[in-house]
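Q: I'm new to this structure and would like a close look at a single part of it. Could you pick one spot, walk me through it, and then show me how the rest fits around it?

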Amino acid sequence: MHIVVCVKQVPDTKIIKINPKTNTLDRRSAPAILNPYDAHAVQEAARIKSRTGGTVTVLSMGPPQAVAVIKKSVEIGADRGYLISDRAFAGADTLATSYALSKALEKIEQESPVDLVICGKHAIDGDTGQVGPGIARRIDIPPITNVIEVSKINSDEKKIVVKRKQLNGYELIESQIPCLLTVEKEINDIGYSPMPNMIKAARYEPVIWSVADLGEVDRAQLGLKGSPTIVGKMFSPPRPEGGKKIEGEPTEQIKELMKLLEEKIDLFCFKA
Amino acid sequence: MSEKFDVIVVGAGPAGTSCAFVCAKNGLNVLLIERGEYPGSKNVMGGVLYRKQMEELIPEFWKEAPLERPVIEQRFWMMDKESVVQFGYKGLEWGQEPYNNFTVLRAQFDQWFARKAVETGALLINETVVTECIVENGKVIGVRTDRPDGEVYADVVVLADGVNSLLGKQLGFHKEFRPDEVALTVMEVVNLPKEKINDRFNLEENQGCTVEIFGDSTKGNLGTAFLYTNKDSLNIGVGTTLSSMIKAKLKPYDLLDYLKTHPMVKPYLEGGESAEYLAHLIPEGGYRSVPKVAGNGVVVVGDAAQLVNAIHREGSNMAMSSGKMAAEAIIEAKKDDNYSEASLNRYKDALYGSFIMKDLEKYKDAAHIFEKHPQYLRDYVPMMNRAASKFFTVDGTSKREKQKEVLKSVTDERGTFKVLKDIYRAWKAVK
């Protein structure tokens, strides 16, 4: 079983500051981390590997310092990793990113056939969730998003059964493999990595590929050139206003509340 | 299966990283274990890095290290409630190579320094706590960490685990501190635009200033406060021995607030924005508190060995030197494959022959004497302020008359005999 996990280095958005003038993220204000959903993806790959045997390969695109997320993935349980890093990739939107990653995946596939691709649900800096399905489309395998459990996997029959989160409940989906999963955080708990993994990761030197290493690539589809996305406007969401406190005797409070609810009935009923 | 290294260093502060760096540079297989998220994330110091000891490890480090400003001016303040007597030195030669010392932010500097050790070949593992040394037949043979499959083995374990050195205590090398052996320092990093710092401290681009503040900064208790300039922030902090804090019923953060709003200090901080709040213990027991520093398969360096000169606010430089000396002893020990206490005592000998133990010995009684006789900071600083005020106030009295008055006010307050005794005692303590 050969599992490839796509990971991204992101600024820690829990503590990042937003430049009040440009509304863009001040990336220097927060440390770079492995996208949390991707950490769960790596952990799930390692868990599947422990059942079926095989290899877990991680793949990332980013500046040279993004090797840190590959090393972090090795701590969690990946066996090896590739970083594609080149000025030609700079400024890529989700379309160009999924193209570049799919090209790297094709190269990995040439070396050792890929049975499963796993991505995080989305990256916490962009929140689009488009790159995973984008890769699936390009390498022509089915994408299954929002996965919360890998229930069964059988590499001989080339079958996988997963639970997929829905608004009200979940779907149980059976699919062929290879396919691509994007995973939610509830799929697993990330444990405290064992010491041998830590030592292996500290020693590990990820392979870095430039565009030239990827073989036949249409450069017009890479980086800023290959990115049709235009950001129209960026803004911080408005802070919710403080609510109103209803005071007085309980019966009066209820009367007042009913009155308010009737006034704002539109908020609670969908118009036909 | 557990790996065996030549050396395991516990703690990636200045002492541990120096040791790992020198060992790795000499071809030893080194594992450096840090409990923080990254080296420097848990480390605290006032912020002055000395050039000399760092340069011995990495020549011309100032060309690449993340430094804040070279210190070209050192000020000393004897501060009373509404006044201050100042002296100091400013010299442009300190602003040129090879410099004297620098202000640094530890979170950045320690990360860089650890990266240098990694580039040299040391393996660094973060977010890992060493819970105990593994001892077999009276010899330390490795460490146990809090991770699954957490045992790792080595010929020598270097304890650079900082002031509290739990590992040193487990091995029986040192006892729990007495409150007069440690100081508690609290500090804040206050963000302030570069231009404001330059104006307020009378500095130009890439010039730094340090201010050491005595007297009312600690409300007369044994300790000091400091105010250092970074590129676009200030480090302000205050520390006193735990024992005097207990005796005076002081809370460290109250003391820092008192300092920040002190009329002599406040104008420097005006408009600044608190970015970080840090607190740390500093080992200030001096010569007599230094524990056993070498055992079978183990050495102790830096704060863990209590190597701090409180009088001259030196610590990180001693940490680096001790780390280097420990590394050199380990390299020698490796040559004849003998890691016994007798063999590793090469480190002890080097340490005791160096400036570190000589300086600590010189001041071995100083802190004790100043603590026992609180008049130095409590009484003399206000006296100096009153004397200066009297002397410099122009009120028609002749200068000779003034000198007499000033001298008389000092001897009146404390008595001639006591003053002479205080002077003699202080001289003896630091001679």
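A: Here is a walk that starts at one cysteine in chain A and then moves outward to the rest of the complex.

Keep in mind that this is a predicted model. The predictor gives the complex an ipTM of 0.81 and a pTM of 0.85.

Let's start with A:Cys119. You'll find A:Cys119 in strand E8 of chain A, which covers residues 116–120. Is A:Cys119 buried or exposed? A:Cys119 counts as buried, because 32 C-beta neighbours sit inside 10 Å and the cut-off for being buried is 20 or more. And which residues does A:Cys119 touch, once those up to four places away in sequence are set aside? The answer is A:Cys6, A:Ala41, A:Val131, A:Gly132, A:Leu180 and A:Thr182. For a sense of distance, take A:Lys225: A:Lys225 and A:Cys119 are 106 residues apart in sequence, and their C-alpha atoms are 25 Å apart in space.

Two of those partners, A:Leu180 and A:Thr182, lead us to the next stop. Strand E12 of chain A runs over 179–183, and the loop between strand E11 (169–176) and E12 holds A:Pro178. The peptide bond leading from A:Ile177 into A:Pro178 is cis, with omega near 0°.

Chain A has another backbone feature to look at, at A:Asn146. Its phi is positive, about 55°, although A:Asn146 is not a glycine. A:Asn146 belongs to strand E9 of chain A, residues 143–154. With 19 other C-beta atoms within 10 Å, A:Asn146 is partly exposed.

Now zoom out to the whole of chain A. Chain A has 6 helices and 13 strands, and its C-alpha trace spans about 75 × 45 × 45 Å along the principal axes. Of its 272 residues, 36% count as buried. If you take the contacts in chain A between residues at least 6 apart in sequence, 69% of them join residues at least 24 apart. UniProt, in an unreviewed entry, lists residues 22–218 of chain A as "domain: Electron transfer flavoprotein alpha/beta-subunit N-terminal". That span is 32% helix and 29% strand, and its end C-alpha atoms lie 33 Å apart.

Where chain A meets chain B, the contact takes 9 residues from chain A and 11 residues from chain B. Sorted by class, the chain A side of that contact has 7 nonpolar, 1 polar and 1 charged residues.

Crossing over to chain B, the mean pLDDT is 90, and 100% of the residues reach 70 or more. The domain assignment splits out domain 1 (4–67 + 104–174 + 291–353) and domain 2 (367–430) in chain B. The C-alpha centres of these two domains of chain B lie 45 Å apart. UniProt, again in an unreviewed entry, places "domain: FixC-like C-terminal" at residues 367–430 of chain B. Over residues 367–430 the chain is 86% helix and 0% strand, with the end C-alpha atoms 10 Å apart.

A good place to pause in chain B is helix H7, residues 252–260, where B:Leu255, B:Leu256 and B:Leu259 are buried. Looking down the axis of H7(B), you'd see the buried residues fall within an arc of 100°, so they line one face of the helix. What covers the buried residues of H7(B)? The cover includes strands E11 (182–191), E13 (223–229) and E14 (233–241) of chain B.

Chain B also has a cis peptide bond, from B:Glu97 to B:Pro98, with omega near 5°. B:Pro98 sits in the loop between strand E5 (84–90) and strand E6 (101–103) of chain B. A positive phi turns up at B:Ser165, near 20°, and this residue is not a glycine. B:Ser165 lies in the loop between strand E10 (151–159) and helix H4 (166–170) of chain B. B:Ser165 counts as buried because 24 other C-beta atoms lie within 10 Å.

Last stop: B:Val135, in strand E8 of chain B, residues 130–136. B:Val135 has 17 other C-beta atoms within 10 Å, so this residue is partly exposed. B:Leu28 is 107 residues from B:Val135 along the chain, and their C-alpha atoms are separated by 22 Å.

Conventions: Residues are numbered from 1 along each chain as its sequence is written. Chains are lettered from A and ligands numbered from 1 in the order in which they are written. This is a predicted model: local features need pLDDT of at least 70, side-chain atom pairs count only at pLDDT 80 or more; totals for chains, interfaces and linings use all residues. Two residues are in contact if their C-beta atoms, placed from the backbone, lie within 7 Å. Ala, Val, Leu, Ile, Met, Phe, Trp, Tyr, Cys and Pro count as nonpolar, Asp, Glu, Lys and Arg as charged, and the others, Gly among them, as polar. pLDDT is the predictor's confidence in each residue, from 0 to 100. Domain bounds come from an automatic or database domain assignment. UniProt positions are given in the numbering used here, feature names are shortened, and annotations may be inferred rather than shown by experiment. Helices (H or I, at least four residues) and strands (E, at least two) are DSSP runs, numbered from the N terminus. A residue is buried if 20 or more other C-beta atoms lie within 10 Å of its own, exposed if 12 or fewer, and partly exposed in between; C-beta atoms are placed from the backbone. The arc is that of the directions from the helix axis to the C-beta atoms.
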